[in-house]
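Q: I would like to learn how to read a few features of a protein model. Can we start with a pocket and work inward?

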Amino acid sequence: MTSLGAVRTALKGRLEVISGLRVYDLWPEQVNVPCAIIMPPESGQFAEHQLTFTGDLSRYSLEILVLVQFGTLRSAQTEADALLSATSTGSIHGALDADRTLGGVVHYVNVLPLREYGTIPANGLEYFGAVVPVEVWAG
């Protein structure tokens with residue numbers, strides 16, 4: 001079975017194709033923006049295993065926290081919107097759409113509706129961004 005660590009590493013590798021975006025598969029000691037931090041949700045279930053009779057399928061519900069510099073609200077929204085676009089090749093959604101199997105590591109990754117768009121605290125500072133939930137099916 002594909003481990004949680006392997007799924008996060010594969011997501012990181014896929015998102016690193018976005019020019020200028022720093023991608024973390026573990027919470028960084030220091031946040032350098034613009035960035036994407038891959039993590040389980042703060043609460044609730046995030047992993048289900050043995051979803052078939054043969055026990056060879058897992059479903060991971062993860063979040064990609066997208067953060068940009070909060071200079072002015074207008075500039076922050078413009079930068080965040082580019083990363084959150086559904087159609088841009090330089091966006092989270094676009095990068096994942098280009099390879100739904102994350103290089104063959106997983107069966108499928110699905111981007112779910114965005115949430116928490118706005119001011120987000122991280123490591124004692126405030127940034128602008130959003131949460132991009134993803135559902136990953138892996139064997």
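**Pocket, strands and core**

A: The largest pocket is lined by Trp27, Met39, Glu42, Glu63, Leu65, Arg115, Glu116, Ile120, Pro121 and Val131. Keep in mind that this is a predicted model.

Q: What is the volume of the largest pocket?

A: The volume comes to about 160 Å³.

Q: How do the residues of that lining divide into nonpolar, polar and charged?

A: The lining has six nonpolar residues, no polar ones and four charged ones.

Q: Which element gives the most to the lining of the largest pocket?

A: Strand E6 (115-122) gives the most, with four residues. The elements that give two or more residues are E4 and E6.

Q: How do I read the pairing of strand E2 (residues 35-39)?

A: Take each partner strand in turn, with its sense and its bridges. E2 pairs with strand E1 (residues 22-24) in the parallel sense, over three bridges. Within that pairing, isoleucine 37 of E2 is the bridge partner of tyrosine 24. With strand E4 (residues 58-68), E2 pairs in the antiparallel sense over five bridges. There, methionine 39 has glutamate 63 in E4 as its bridge partner. Both Met39 and Glu63 are also among the residues that line the largest pocket.

Q: Which residues point one way from E2, and which the other way?

A: Cys35, Ile37 and Met39 point one way, while Ala36 and Ile38 point the other way. Residues on both sides are buried, and five of the five residues of E2 are buried, which leaves the strand mostly covered.

Q: Why would nonpolar side chains be buried together?

A: The general idea is a tendency: in soluble globular proteins, nonpolar side chains tend to be buried together. In this structure, the largest nonpolar core has 31 residues, and those that touch the most other members are Leu11, Leu15, Ile64, Ile92, Leu96 and Val134. At least two residues of this core come from each of helix H1 (4-15), E2, E4, helix H2 (73-84), helix H3 (92-97), strand E5 (108-111) and strand E7 (125-138). E7 gives the most to this core, with six residues.

Q: What does isoleucine 64 touch, not counting residues up to four places away in sequence?

A: Isoleucine 64 touches Leu15, Ala36, Ile37, Ile38, Ile92, Leu96, Ala130, Val131, Val132 and Val134.

Q: Which residues does the second, separate core include?

A: That core has twelve residues, including Val31, Ile120, Ala122 and Tyr127. One of these, Ile120, also lines the largest pocket.

Note on methods: Residues are numbered from 1 along each chain as its sequence is written. This is a predicted model: local features need pLDDT of at least 70, side-chain atom pairs count only at pLDDT 80 or more; totals for chains, interfaces and linings use all residues. Side-chain values use heavy atoms; hydrogens and water are left out. Buried means under 20% relative accessible area, exposed over 50%, partly exposed in between (1.4 Å probe, protein chains only). Two strands pair if DSSP finds at least two bridges between them. A nonpolar core is a set of buried Ala, Val, Leu, Ile, Met, Phe, Trp, Tyr and Cys residues joined through side-chain atoms within 4.5 Å. Contact means heavy atoms within 4.5 Å. On a 1 Å grid over the protein atoms alone, a cavity is a set of points where a 1.4 Å probe fits but cannot get out, and a pocket is an open set with protein on both sides within 12 Å along at least five of seven lines; lining residues have an atom within 4 Å of a point. Grid points are joined across faces, edges and corners, and a volume is the space filled by probe spheres set on the points. Ala, Val, Leu, Ile, Met, Phe, Trp, Tyr, Cys and Pro count as nonpolar, Asp, Glu, Lys and Arg as charged, and the others, Gly among them, as polar.
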